[in-house]
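Please open the structure in your viewer and keep the selection panel at hand, since each stop of this tour begins with something to select.

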Amino acid sequence: MYLSVNWLKDWLKLPKDLTAEKLAHDLTMSTVEVEEVIDQAASLAGVLVGKIKEIAPHPDADRLQVCQVDLGSRVDQIVCGGSNLSKGMLVAVATVGSKVKWHGEGELVTLEKVKIRGIESHGMIAAASEIGLNNLFPAKSDKEILDLTDLSLKVGADLSQALQLNDFIIDIDNKSINHRPDLWGQYGLAREVAAIYRLTLADYQVAPLKEADEMKLKVSVKDKDKCFRYLGLVIKNVKVEPSPLWLKNRLQAVGLRPINNIVDVTNYIMYELGQPMHAFDARMIEGPEIQVVSAKKGEKFITLDGTKRRLNENCLMIADSKKYVAVAGIMGGQNSEISSDTETVILESANFLASNIRRSSGFLALRSESSARFEKSLDPVLAELAIRKAAELILSLNDEAYVASRLQDINYNPFKEINLEVPETLINSRFGVEIPTKEIKDILTRLQFQVEYKNQTFFIKVPTFRATKDISIPEDIVEEVARIYGYDNIKSSLPAVFLQAPHTDVAHQVLKDLKFWMSLFQGYSEAYTYPFTNLPWVEKLHLSLNDHVKVKNTISLDQAYLNLSLLPNLLAKAEENFRFFDNIKIFEIDRTFDKKHKSVYHTDPSKKKYLPLQDKHFAGLEVSVDTGQATFLRIKGLWESLADYFGIKLSFEKNENVFSSLVYDIKTQDVTLGQFGLLKNDLFNSGPSKVQVAWWSVNFSVLVKYINQNMIYTPLPKFPSMQRDLAIVVAEDILWEDLMKEIIKISPLLVNLEPFDVFTGHGVPEGKKSIAFHLEFRSTDKTLESADVELIMKQILAVLNKKFDSQLR
Amino acid sequence: MEVKLQNLKNTILKELAEIKDSQLLADLKNKYLGRKGELNEILKALKDLSDLEKPRIGKLANEIKQELAEVFAQAESAFNPNKQTNFNFDASLPGTKKEIGHLNPSTIVQYEIEEAFLAMGFAVYDGPQLESDYYNFTALNIPADHPARDTQDTFWLEGDNLLRTHTSNLQVRMLEKYGAPFRGIFPGRVFRYESTDASHDHTFYQLEGLMVDKNINIGNLIATMRTLLSSVFKREVDVRLRPGFFPFVEPAFEMDIKCLVCGGQGCSVCKQSGWVELMPCGMVHPKVLEAGGLDPKVYSGFAFGLGLTRMAMMKYRIDDIRLLQSGDLRFLKQF
């Protein structure tokens, strides 16, 4: 939304020393967010009105011409490629040092004196788009330069002066006025400026309307829940032609393209009052009769922009007795638009249910200046003001035109008068500082609230233009006072609070600890991936899509389903990284989404429904050029040391799945927390290299519950231990796990058992392997003698020999 | 006995002189000075001596024992395998580094900021990312068809749920669960259905803060944020409020921070204004307090939403937001 400072001056006497920058700053601090200030004259600095005196062909370029251009005080030579150059033509000359956009695109460029194919050229003869005037002067082709001949301007004058383009434009961020329907027009902004600077705001003047009975316009609203007000008026004898310069300039200032003196008036009113309007060519309206009705699903309608649109039952339509002529509040129809031979127009000024405009324009994928305003919930009072002002303007631009009907007004305004009782203490306690009563009253009065003060309470009547949704509770009044009083005037002080026991979130603490442990100790890097799963990997991992939560409103397969597991994305990331790294260690901890199970989170306070399970998962993988055994054992080791570090008793139980050559369940107290394993080799795309991918995926939310938070120390041993090593030869398929189970059964004195060497080959018979391991013995009540240990060692050898047919090496 | 002791001493010294390695030295020490060694054997006979001789011989025995201990200590030190003096490698080679992993920069920044809040008594809370319409919108005074929903384009999910568009979804959940007084932050991942480019991603991180108590006012919000931000940025910062609009706070503010690059003088970072937009905030809307089961006549509070992703980008001058979610090790290994 653009604010024109010149336009403001219609109703305000601005202080002489008020610069546009200061105004922009003060608006930002009290009302809206300003993006930038545009100085029209500055952007046209150095652009002069010139008259072409002579034209000669360029000796070395077919499409260029060499012009002698009269600039009043001098004559400059300029090389130009414009297709419409002629002798005596008035043109816009961007002199050396001025800024232009080459061919209307890209950044601004400062002009220098140059030689073009050997001929000196002082600046350029500009096309409208090159100096930002393409709205005012649309070009028929991009070769065309701006022709000012018809405007009979003074040769040598600054173009900005000659065209009266001396405005300052304040660009306001639309997001910051979403909640302020009253600020979508210049007059509403003038009201704010008046309040900020304590200026007198002139009333909005409208000339009396001379109604007539020559034509009868019938208006009916069939759907009063969606249309709160509809005003219609017929004006005859208009002559459609370009608008005068002052009107074009105002439209130029707010970024609109002038079209003709009818459409421009409706746009002008929209930007002045914030009230969108529409003008129909009365020839195309049967009756003339206007009906406001809801469309039927599946019906089609061609809007002004020439697009055929499919409607639904929410779309509110403007119709005559036979057909639709506009989508209410969004866009007019092609079948009834103003054309150059229009003589009779029907003006529309209406008010529609904001939410329905929003919903319909969303459904139609059609956002317009009009819908942007209606969906903010406009004040129905504005509609009448707007149509009266529009009639006045159209008549003033068309000498022959006259009002040919009565002003039809169907009014179902649902907005009630809002009266608020605001205790003075509420305002002061929210501020934390006392504002004088008089000051509060003054601020509210400046904002056009009606205020009475009794018993330390303000009794406030909200003006209609703020009463459609913006102001409804006492806290809204606090904001009004605060922003005008100035947030800078608030004294800041730290809150005084009672000490409370801190809330501790063990899971959060463990998660942080785990992340640092993974990166600092385990050498893993933390990847963040999207919440949307990777479908190719979902397929490779044989995860069921039925268990995944589906995204409803996306079309891209990359965003179709939420992660059920973190692995698909991590595997995809690993493949991407493999181009640059042959050893990859990444992990991620975040929520996954499980459609088939419920979480503890209720959907609303009734607690009847619960959201899908969304536990945090902890997954990771290592891609390595090492052997499968080494890679696998590193992941297993990671889980063993994690168990040690976090004080959690884990056991690993062999399992299987379709995508892994080896899988173990990670369990604690009979609860399965997750798995780790070795990916089947052919699933991972590593180009010509042979790699191993070991992975894990664990439910962190469950894991964290089993972490020992009460670790206590074990007293140091009182007696020394005895160590022995043993090497045996057994059949190759015997597992260490099985040997271990037998050995530890033999004696309670065995406190530690650890393999340190496994090998086959040289010195070991075919089909056999050698396993060497450390044994440590200790008693809690005496120092062991060698004889004690030798006895146990003999038993161990005997048992191993019996059960596994082992031989001592 | 005296002679025995002297002989033993001489034998030991003689044998010691011929010792060539540490193992033999240890054996020798064990043989003579060990618990069952020869010296102890001789000393066992001390108890049989007359009371007259006991003190003298005892003293002598101790002296010899001590002398021998010293000699052995000397010999041991001579044979110490760690006593390497030759130094023949290239110390100018690069040091041997242990490979460490890397946290996502967003994680690093999140934990840094959490520290500052924890010190001010704000605890960290967590909640769902897959959220209901109620907690993400309705409970926050954003009913269906509210235009504010436009600025937060939403990923809608089957079952009428959605991916939360902001961490504000936890405001009402936490008030329902913990009541007042409440002081907490909710860092986490949020989602907007929009197309991505170098400065927009559909997935990013926020850190929401909420404080509710009796008599909380706008001045408290300013002072708390100034203190917290000074701690986050590790220097004194200045902040200012200006009007903003968010349906779940009233009044609503945009909080600007005085430009840390130019100190408010005006530079390219702050677009010559001296201030940089930092975060939306405001006083908790009475409807939000009510939704959380609190009486807005008794309690008031403030809420704010810090852009964690933006903070990380500012800190490390990351110019493409998508890198944060890329999992690209060339990027991650820098942190």
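A polar contact is a pair of N or O atoms within 3.5 Å, where, within protein, one must be able to donate a hydrogen and the other to accept it. Keep this in mind as you select chain A and chain B together in this predicted model, for between the two chains the count is 41 residue pairs in polar contact, both residues being at pLDDT 80 or more.

Next, select helix 14 of chain A, residues 506-521, which with eight residues gives the most to the side of chain A that touches chain B. If you colour that whole side by residue character, you will find 34 nonpolar, 26 polar and 29 charged residues.

Now show the full interface, in which 89 residues of chain A are in contact with 92 residues of chain B. The area buried between chain A and chain B is about 7,800 Å², and carbon and sulfur atoms give 55% of that area.

How many salt bridges does the rule find across the interface of chain A and chain B? There are seven, and to see one of them you can select Lys512(A) and Glu115(B), whose side chains meet at 2.8 Å, N to O.

Finally, step back to the domains, beginning with chain B, which is divided into domain 1 (2-79) and domain 2 (105-332); the C-alpha centres of these two domains of chain B lie 79 Å apart. In chain A, the assignment includes domain 3 (218-411) and domain 5 (506-706), and if you select both, the centres of domain 3 and domain 5 of chain A, taken over C-alpha atoms, are separated by 58 Å.

How values were computed: Residues are numbered from 1 along each chain as its sequence is written. Chains are lettered from A and ligands numbered from 1 in the order in which they are written. This is a predicted model: local features need pLDDT of at least 70, side-chain atom pairs count only at pLDDT 80 or more; totals for chains, interfaces and linings use all residues. Side-chain values use heavy atoms; hydrogens and water are left out. Contact means heavy atoms within 4.5 Å. Buried area is the accessible area (1.4 Å probe) that two parts lose on being put together, summed over both. A salt bridge is a side-chain nitrogen of Lys or Arg within 4 Å of a carboxyl oxygen of Asp or Glu. A polar contact is a pair of N or O atoms within 3.5 Å; within protein, one must be able to donate a hydrogen and the other to accept it, and residues adjacent in sequence count only if both atoms are side-chain atoms. Helices (H or I, at least four residues) and strands (E, at least two) are DSSP runs, numbered from the N terminus. Ala, Val, Leu, Ile, Met, Phe, Trp, Tyr, Cys and Pro count as nonpolar, Asp, Glu, Lys and Arg as charged, and the others, Gly among them, as polar. Domain bounds come from an automatic or database domain assignment.
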